[in-house]
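Work through the exercises below with the sequence and the coordinates open. Each task is followed by its solution in steps.

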Amino acid sequence: MSLVGYARVSSTDQDLTIQNEALKSAGCEKVFAEKKSGVQQEGRTQLEACLDYLREGDTLIVTRIDRLSRSLRDLQNLIHDLKENGIHLKATEQPIDTSTAAGHAFFNMLGVFAEFETTLRKERQLEGIAKAKSEGKYRGRQPTARRKSYQVIDLIKEGFTRKAVAEKLDIGIASVYRILKHYQDENPTQVLPGSRSKMKIAKLDVYLMVENNSKFVRGKSKAREYIEDDWAYHYDMVKLDKQGCDYILKTPYQSLEELDAIVHEIIEEAHSNADIKNCFIDIRISHKESGRDW
């Protein structure tokens, strides 16, 4: 029986040191760590690797349960899978031990509060954005990637590929292209390495259906609005029918591998925005030129 740790922070600006030290002090023989959002499980490669590594009789240790997920549904699914495989869960900063009835009950209670806190925070953020837009003051979000704009440009000038820059700075490939596009718009006479010969513009056909999670939820119109605002800001979005579900998004890319990463980022952000309003989505994206579908 092994003690296996999992650590997570939400952004690249945050540090994993404190969590790593706490898990090692708890006796963890191996620790999986990553810098990813906890809103949903998709795309968290270290969590997937951790779950694959665990065996019957092992104990998964975290500092707090919100390190695993801030979605109550994901937490419940995760604890069910762990239980089915004979794996226990413990937290170093909370009285959680799923091998006991009291620990399991406390786990569920904290999961509810973690999800509620996330929803409230996102609601306040998006309401602030909507107000700023109505007053003509909105300048878009300021993500970690944007704060690394100068580093992106410097690395590209040094000859790094777009993919290499994204990996080195731990940001999405789509963010790299947005930074480069803004730089080229501001400096039209300067040509960055790779800009003329390899840069392409992908025309993506997108179908988006948004539905409420239950009959007691009425958020799907607002969820669609959040998603469309995000697309309009970051991509050249065209909605084919005002009341319809079909869109065209345009984004720069160099290779099909990079395009795949950009599309997955689009899908992940759409799921996240829908989750804010307790909705789910069916999203399908196709690129006719390459014959690829997501």
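The exercises go from the whole chain to single helices, a helix pair and single residues.

The model is predicted: local features need pLDDT of at least 70, side-chain atom pairs count only at pLDDT 80 or more, and totals for chains, interfaces and linings use all residues. Residues are numbered from 1 along each chain as its sequence is written, and side-chain values use heavy atoms, with hydrogens and water left out.

**Exercise 1. The chain as a whole**

Find how many helices and strands the chain has, and what percentage of its residues count as buried.

Step 1. Helices (H or I, at least four residues) and strands (E, at least two) are taken as DSSP runs, numbered from the N terminus. The chain has 10 helices and 9 strands.

Step 2. Buried means under 20% relative accessible area, exposed over 50%, and partly exposed in between (1.4 Å probe, protein chains only). By this criterion 44% of the 294 residues are buried.

Step 3. Contact means heavy atoms within 4.5 Å. Among contacts between residues at least 6 apart in sequence, 65% join residues at least 24 apart.

**Exercise 2. The two sides of helix 1**

Determine which residues of helix 1 are buried and which elements cover them.

Step 1. Helix 1 spans residues 17-25, and its buried residues are Gln19, Asn20 and Leu23. Seen down the helix axis, these residues fall within an arc of 100°, so they line one face of helix 1. The arc is that of the directions from the helix axis to the C-beta atoms.

Step 2. A general rule fits here: an α-helix has 3.6 residues a turn, so residues three or four places apart point the same way.

Step 3. Ile18, Glu21 and Ser25 are exposed on the other side of helix 1.

Step 4. The cover over the buried residues of helix 1 includes strand 1 (3-9), strand 2 (30-35) and strand 3 (59-62).

Step 5. Gly27 follows helix 1 and has a positive phi, near 100°.

**Exercise 3. Helix 7 and the residue after it**

Determine which residues of helix 7 are buried, what they pack against, and what phi Asp170 takes.

Step 1. In helix 7 (residues 162-169), the buried residues are Arg162, Val165, Ala166 and Leu169. Their arc around the axis is only 100°, which puts them on the same side of helix 7.

Step 2. On the other side of helix 7, Glu167 and Lys168 are exposed.

Step 3. Helix 6 (149-157), helix 8 (173-186) and helix 10 are what the buried residues of helix 7 pack against.

Step 4. Asp170 comes just after helix 7 and takes a positive phi of about 60°. Asp170 is a residue other than glycine. Most residues other than glycine have a negative phi.

Step 5. Asp170 sits in the loop between helix 7 and helix 8. Its relative accessibility is 43%, so Asp170 counts as partly exposed.

**Exercise 4. The packing of helix 9 and helix 10**

Describe how helix 9 and helix 10 pack, giving angle and axis distance, handedness and the residues that meet.

Step 1. Helix 9 (residues 220-234) and helix 10 (residues 256-276) pack at an angle of about 145°, with their axes 8 Å apart. Axes are lines fitted to C-alpha atoms, for helices over the stretch in contact, and angles run from 0 to 180 degrees between N-to-C directions.

Step 2. The crossing of helix 9 and helix 10 is right-handed.

Step 3. From helix 9, Ala223, Tyr226, Ile227, Asp230 and Trp231 meet Ile266, Glu269, Ala270, Asn273, Ala274 and Ile276 of helix 10. The residues of this contact divide into 8 nonpolar, 1 polar and 2 charged.

Step 4. Ala223 is buried, with a relative accessible area of 0%. Not counting residues up to four places away in sequence, Ala223 touches Val210, Asn273, Ala274, Lys277 and Cys279.

**Exercise 5. An annotated residue**

Locate Ser10 in the fold and list which residues it touches.

Step 1. UniProt, in an unreviewed entry, places the feature "active site" at Ser10. Such annotations may be inferred rather than shown by experiment.

Step 2. Ser10 lies in the loop between strand 1 and helix 1.

Step 3. With 41% relative accessibility, Ser10 counts as partly exposed.

Step 4. Leaving out residues up to four places away in sequence, Ser10 touches Lys36 and Ser37.

Technical notes: A crossing is left-handed if the near helix is turned anticlockwise from the far one by less than a right angle, and right-handed if clockwise. Ala, Val, Leu, Ile, Met, Phe, Trp, Tyr, Cys and Pro count as nonpolar, Asp, Glu, Lys and Arg as charged, and the others, Gly among them, as polar.
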